[in-house]
Structures are given as structure tokens and as C-alpha cells.
Amino acid sequence: MSQQFPSPGAPVDEPAARATGLTKVYGKGETQVTALNAVSVEFARGRFTAVMGPSGSGKSTLMHCLAGLDKVTSGSARIGDTELASLTERQLTALRRDKVGFVFQGFNLLPTLTALENITLPLRIAGRQPDPAWLETVIATVGLADRLGHRPAELSGGQQQRVAVARALVSRPAIVFADEPTGNLDSRSGAELLGFLRDSVRELGQTVVMVTHDPVAAAHADRVVFLADGRVVDELPAPTCGAVLDRMLRFEAQDSPR
């Protein structure tokens, strides 16, 4: 039986993140582009949610706004009960460091540090010591116990991405945002990584929001949210690969010229 840890952050009924009427506009005049158009969506605590949509649908923009990496034009973006628009740049930096974990397509590991040093680097930068029990549990969850002394060049792509996942989890963030995390991995390594993300939700109580274009990846989630043209157009609970693919093909058929 795995050791159970309480989920970090606000009360259980408070969403880990939410957007309300969120609009994001880039440019002005003839070059103006509305990337998000009055999007309202919630991401529950302790759940694994995939965000899907065609290129240009606004899925990465939504993640960036909810993670405090990009400012909204109008509407609301919240992590727990914290309204991001109300924060100063220093407060946003602290929130991203303490409340948000990130996993990107690129591994973003420092080549001169060992796997363990890369995992604990954000805590060291913040002047904090990792909780030994939590660190041990995270390392066991992602299966890295025998690779901690290795540097990135000595690890496979899948192992490097597992280090990135462990780094995102070690500070016990309120939410982890993953942007195409399997994009640089082969199918086997990708499947393993998705299993680790799912295990972090089911066994560690983590909240994960993953942007992906891959129906196979989305099928690992508890729920899929679909975006098109900057709007939420559908969602699918308990997704299967076939059901996700069917929805995506339906959206493409609707958008194709008649």
C-alpha cells in the first residue's frame, strides 16, 4: 500500500485552477488575434485533465494564463482562491515557485547536475529543504531510485523527462501543468511518462493539467476539455482513445469547407 499524503493548498471543494470569462488578445488593429474568447473552465483537485484542440485553438495560451506565465486581457484566472491579476510580478514569481509545477516538451535539465540535484534545484533556489519522506515517495513514483547520481547525458530521453516530472512534483505544488510532455519521447517512453503522471494523481493526490494533441495521451486522463477557436467547445469524462479521436475528427469535419 502506498503512503498517503494530503493534497496541498485550499479546501478540497475549491478548484485547483479556474478561468472565468478569460479573454486573451495579442496585437492591435489589423494584426489583432483573439487567442482565448471568454473561456470559463475549472480544474478539480486531485484529477488529471487533458486539454486538446487543433493548432491555434488556444490550449497552450490557456495553460500559460492559468500558470501565471502570461497576463490575461480580461476575465479571471485563479490558482485556488488566488486571483492572478491581483499579484505583482514578485508575487507571481513566488506563486509559480511554490504553487505550480511545470513539465514541458523540452526537459530543461542542467547538464552539470545529477538527476537528484536537478530534482531538488527549485527548492534549493527558494532556500528550502525537501521533505525527505515526500522526496522518497516522488522518486519511487517515477522510478528513478537507481539513477539519481547520473547526469542528463547519461540518461535516456524518457528518464530525463521523468526527472523533469519529479522536479515538478517535489515542491508539492497545488497544480502541475504539462505542455506536450511526450512530444520528444518514443511511444514506450511516452506511455511510461503518462503512467507516472497518472500515478502522481491517484497515489500522491496531485492535480495535473496536460496540453496535448495526442488521443493516446489524452486517454490517460480523467477528463478531456476540447478547445476550438479560443473557446471551450466540449468535454469528455473517462476518455478512451477511440472516443477522443472521434471527437477530434468531428471537430475537423465541422471546420472543413463544404
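Visitor: Is Ala38 buried, exposed or partly exposed?

Guide: Ala38 is partly exposed, since its relative accessible area is 43%, and the partly exposed class lies between 20% and 50%. Keep in mind that this is a predicted model.

Visitor: What is the phi of Ala38, and where is Ala38 found?

Guide: The general idea comes first. Most residues other than glycine have a negative phi. Ala38 has a positive phi, near 55°, and it is found in strand S2.

Visitor: Which other residue that is not a glycine has a positive phi?

Guide: One is Asp229, with a phi of about 50°. Asp229 sits in the loop between strand S9 (223-228) and strand S10 (231-237). With a relative accessibility of 62%, Asp229 counts as exposed.

Visitor: How do S9 and S10 pair?

Guide: Strands of a sheet pair through backbone hydrogen bonds, and the sense is either parallel or antiparallel. Here S9 and S10 are antiparallel, with six bridges. Phe226 stands opposite Asp234 in S10. The two strands make a hairpin with two residues between them, and Asp229 is in the turn.

Visitor: Which side chains of S9 and S10 meet in a salt bridge?

Guide: Arg223 and Glu235 do, at 3.1 Å from N to O. Arg223 belongs to strand S9 and Glu235 to strand S10, twelve residues apart, and the pair links distant parts of the chain. Arg223 counts as buried at 16% relative accessibility, whereas Glu235 is partly exposed at 39%.

Visitor: How many salt bridges are there?

Guide: The count comes to eleven. One of them joins Arg128 to Asp98, with the closest N and O atoms 3.2 Å apart. This pair also links distant parts of the chain: Arg128 is in the loop between H3 and H4, Asp98 is in helix H2 (residues 89-99), and 30 residues separate them. Arg128 is partly exposed at 32% relative accessibility, and Asp98 is partly exposed at 26%.

Visitor: What separates Glu192 and Arg188 in helix H6?

Guide: About one helical turn, because they are four residues apart in that helix. Glu192 and Arg188 form a salt bridge, and their closest N and O atoms are 3.8 Å apart. Glu192 counts as partly exposed at 31% relative accessibility, while Arg188 counts as exposed at 64%.

Visitor: In what order do the four strands of the open sheet come?

Guide: The order is S2-S1-S4-S5, with antiparallel pairing. Strand S2 (33-43) and strand S5 (82-83) are the edge strands, each pairing on one side only. Helix H1 (residues 59-66) packs on the sheet and touches S1, S2 and S4; the direction of H1 makes about 65° with that of S2. Within the sheet, strand S1 (residues 17-26) and strand S4 (residues 74-79) pair over five bridges. Arg18 stands opposite Arg78 in S4. Arg18 is also linked with Glu14 and Glu42 in a network of salt bridges.

Visitor: Why is helix H5 largely enclosed by the rest of the structure?

Guide: Twelve of its 13 residues are buried, so the rest of the structure largely encloses H5. Among the buried residues are Gly158, Arg162 and Leu169. The elements covering them include strand S6 (100-104), helix H3 (115-125), helix H4 (132-142), strand S7 (175-179) and helix H6 (187-204). As for length, H5 (residues 157-169) reaches 19 Å from its first C-alpha to its last, close to the expected 18 Å.

Key. Residues are numbered from 1 along each chain as its sequence is written. This is a predicted model: local features need pLDDT of at least 70, side-chain atom pairs count only at pLDDT 80 or more; totals for chains, interfaces and linings use all residues. Side-chain values use heavy atoms; hydrogens and water are left out. Two strands pair if DSSP finds at least two bridges between them. Contact means heavy atoms within 4.5 Å. Axes are lines fitted to C-alpha atoms, for helices over the stretch in contact, and angles run from 0 to 180 degrees between N-to-C directions. Buried means under 20% relative accessible area, exposed over 50%, partly exposed in between (1.4 Å probe, protein chains only). The expected span of a helix is 1.5 Å times one less than its number of residues. A salt bridge is a side-chain nitrogen of Lys or Arg within 4 Å of a carboxyl oxygen of Asp or Glu.
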